Amino acid sequence: MAAIEISTASGLNDIRLSLAADYILTADIDLSSITNWEPIGTPEAPFTGTLDGNDYTISNLTIDRATTDYIGLFGYCQFNNSVKIPNLKNIKITGADVTGQDYVGVIAGYVGTTLGSTGDAIAGDPAVGTIISGCTTSGTVSGRSNVGGIIGMARGPEFAGHVISENVCNYIVWDYWIGRITGLSSSAVITGSGENIGGLVGQLYELSIRMSNSTGAVSGGDIVGGIIGFGYRCDIKTCYTTGNITGTKRVGGIIGVANYRPIIEYCYSEGDITGTGGNYPGVTHSAVAGVGGIVGVTDADQVRCCYSIGQISAVYRAGGIIGSYIDGSYSTNNIYCCYAQGNVSVSGAQVGGLIGYIWAGLVDIEQCYCTGKVTGWMSGAVIGVRGSYVDWGEEYSMINPNWDKPVGQIYYDTDIFYNADVNTASTQHGGTGKTSLDLQKVSTYEQAGKPWTNFSRHWVIDDEEGDPYPQLKCFYEPYGLSISLICGAPGLTLAYTKGQELFYRQLDDTWGAETQVEGISEINTLNTFRTAYGRIGFVVDEAGTLKYA
């Protein structure tokens, strides 16, 4: 049956009359005529159908239900039919003003799925698939707990992909065994007074999120993250945040708390990360405090190819990448190709340039650096404090920890660098200091005591981008929109564009200075040629007309 077409506010409102049907928008819809939208779907009667926003816009969604749970365009959704996924896609909501109590999001308060709950993943079950994709929001969202810019809570089945009889306690998160959420984007300002507050999703349980971003400010009570507040056995890839993130004691630029051996890859945060409170943490407690540029508190198997450039401050346990790293399972490259460039400080104790506090049996750290200043009691240039063995329990450890017996082993398979010009913290737990100038040289990494192998494969140094330190190639965006290289007089000529203007350099033993070709702008395409007389010419497309210089 074809999807039901919706082009009006009343048509959108009527979705609640048939919760299992499929719908598609055919026009932009303004909801300003509905002063207090009633969310579609409840726990007793959830929405189980589909809505394709078809890239049309829903504007002026207003919900004012501060004492009600499951708040959003949809209140409660349950998506169990693999034939229908993605159930929510290409939905755009602008100018939202959404207030609820628990489970609050612009698009949905709660989304659940049972997909991936049966079968033997070890035998190679097919991928579960994408549950939600391509949704964007703007406006404001407020609530108590489980609050997000897109979804309040999204939950998949526990130990997705594994049969119940298996011993799953040691399995890491494999993204192709669990349902996925992709392509979310929100500029909404998020406020929550309780726990699990996220720029996109308040709580993510047994699901994967990728290719998503949040650019609005996020603030909450505890467990606050730029993308996700709290995540359980979740896989996080290719996500970024640019807004400031604020919470009490467990706060992360990407995720506040990530439990049960998640994998976090190709993510970055650019806003300031702030933790405003928390009690003095004992050395063994895994969930007391942690404020980090990527993740606040985690037992992640891998944090790879991530960076943070904002300022990070907390009362206890702050790190440029991870606030508190608790246990995890040893494998190569646990923390790999990560960097932090902001200052990291605590008013209380336990702070490090990359990790504030670490309690892990075995951890492998490779190709990481930090450039900011580290300030606070019990500080480390790279790692602030290592958890210790205690014989008298948590209460005693707060007062008199046995620092002579730290937990586990840390393997630095490459030199881990910090900026010795500004970072004067202890190197008791590792780190190699270099001047700011040395950190901007490829030779520092390739000729280190433990060199960064294949440096050019993962990293690039390009001061023309305004960042003189190594950048991850997976995020690198060069200025050149077009480039052309030919052999001509007097040697090789490299032509390229920056800001849609034309430049070139010529090679004669060494590369000559950058030269701009005057009078050429708004370049969309570029080609370089050599004339019969040995001269160099440039053909560009300017406003649809071919010209040359």
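**Cavities.** I began with enclosed space and counted 2 cavities of 30 Å³ or more. The model I am reading is a predicted one. I then took up the second largest cavity, whose volume is about 30 Å³. I listed its lining as Ile321, Ile335, Leu354, Ile355, Ile365 and Val382. Sorted by class, that lining has 6 nonpolar residues, with no polar and no charged ones.

**Nonpolar cores.** Ile365 led me to the largest nonpolar core, which holds 103 residues. Ile365 is one of the members that touch the most others, together with Leu12, Leu61, Phe74, Ile209, Ile236 and Ile264. I noted that strand β40 (residues 362–370) gives the most to this core, with 4 residues. Apart from this core I found another, of 22 residues, including Phe159, Tyr232, Val315 and Tyr357.

I next looked up the contacts of Ile209, leaving out residues up to four places away in sequence. Among them are Ile181, Leu184, Leu200, Val201, Leu204, Ile227, Ile228 and Ile236. Ile209 also touches Asp235, Lys237 and Cys239.

**Cysteines.** I searched the whole structure for disulfides and found 0. I checked two cysteines for accessibility. Cys135 has a relative accessible area of 0% and is therefore buried. Cys234 is likewise at 0%, so I entered Cys234 as buried.

**Backbone.** I recorded a cis peptide bond between Ile85 and Pro86, with omega about -5°. Pro86 sits in the loop between β7 (74–78) and β8 (88–89).

I then turned to positive phi values in residues other than glycine. Arg233 has phi near 45°, and I placed Arg233 in the loop between β24 (228–232) and β25 (235–241). Is Arg233 buried or exposed? I entered Arg233 as buried, because its relative accessible area is 3%, and the cut-off for buried is under 20%.

Gln350 also has a positive phi, near 75°. Gln350 lies within strand β38, not in a loop as Arg233 does. With a relative accessible area of 0%, Gln350 is buried.

**Strand β38.** I followed this strand, which spans residues 344–352, to Val351. Val351 has 0% relative accessibility and so counts as buried. I also looked up the separation of Val351 from Ala318, 33 residues apart along the chain. Their C-alpha atoms are separated by 4.8 Å.

How values were computed: Residues numbered from 1 in each chain as written. Predicted model: local features only at pLDDT ≥ 70, side-chain atom pairs only at ≥ 80, totals over all residues. Heavy atoms only, no water. Helix = DSSP H or I, 4+ residues; strand = E, 2+ residues; numbered from the N terminus. Buried < 20%, exposed > 50% of the residue type's maximum accessible area, 1.4 Å probe, protein only. Disulfide = S-S within 2.5 Å. Core = buried A, V, L, I, M, F, W, Y, C linked by side-chain atoms within 4.5 Å. Contact = heavy atoms within 4.5 Å. 1 Å grid on protein atoms, 1.4 Å probe; cavity = no way out; pocket = protein on both sides within 12 Å on 5 of 7 lines; lining within 4 Å. Points joined across faces, edges and corners; volume = space filled by probe spheres on them. Nonpolar A, V, L, I, M, F, W, Y, C, P; charged D, E, K, R; others polar.
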